[in-house]
Amino acid sequence: MELKINNQIKQFTADALSIQALIDLEIPQKQNGIAVAINSNVIPRSLWDQHTLSETDEILIISATQGG
């Protein structure tokens with residue numbers, strides 16, 4: 001499966017991925033402070049396990065950072 005994440009094309013061996021599975025693969029060390037938008041629509045964290053990604057999806061993963 002080929003997905004476009006933050007304007008970069010990435011390959012995955014799975015035929016189907018949920019948003020949570022993608023987060024677990026891409027940034028397993030960071031599970032808090034993350035927002036995900038699919039095709040410009042923010043997906044609530046409560047739906048990450050249920051939302052299956054498609055190769056045509058534009059995925060944006062935003063991570064909160066500390067600093068001033």
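The following dialogue concerns the sheet and one helix of a predicted model.

Student: In what order do the 5 strands of the open sheet stand?

Tutor: The model is predicted, and its sheet is open with mixed pairing. Read across the sheet, the order is β2-β1-β5-β3-β4.

Student: Which strands stand at the edges of the sheet?

Tutor: An edge strand has a single partner strand, so one side of it is left without a neighbour in the sheet. The strands in this position are β2 (8-11) and β4 (41-42).

Student: How many bridges join β3 to β5?

Tutor: Strand β3 covers residues 34-38, and β5 covers 58-63. The two run antiparallel, and Ile34 stands opposite Ser63 in β5. The number of bridges joining β3 to β5 is 5.

Student: In which sense do β1 and β5 run, parallel or antiparallel?

Tutor: Strands of a sheet pair through backbone hydrogen bonds, in one of two senses. Here 2 bridges join β1 to β5, and Lys4 has Glu58 in β5 as its bridge partner. The sense of this pair is parallel.

Student: At about what angle does helix α1 run to β3?

Tutor: Helix α1 comprises residues 19-26. The helix lies across β1, β2, β3 and β5. Its angle to β3 is about 125°.

Student: Is Gln20 buried or exposed?

Tutor: Gln20 belongs to helix α1, and its side chain makes a polar contact with the side chain of Asp24 at 2.9 Å. Gln20 also touches Gln31, Trp48 and Asp49, leaving aside residues up to four places away in sequence. Buried means under 20% relative accessible area. Because its relative accessible area is 16%, Gln20 is buried.

Conventions
Residues numbered from 1 in each chain as written. Predicted model: local features only at pLDDT ≥ 70, side-chain atom pairs only at ≥ 80, totals over all residues. Heavy atoms only, no water. Pairing = 2+ DSSP bridges. Helix = DSSP H or I, 4+ residues; strand = E, 2+ residues; numbered from the N terminus. Contact = heavy atoms within 4.5 Å. Axes fitted to C-alpha atoms, helices over the stretch in contact; angles between N-to-C directions. Buried < 20%, exposed > 50% of the residue type's maximum accessible area, 1.4 Å probe, protein only. Polar contact = N/O pair within 3.5 Å; in protein donor to acceptor, adjacent residues only side chain to side chain.
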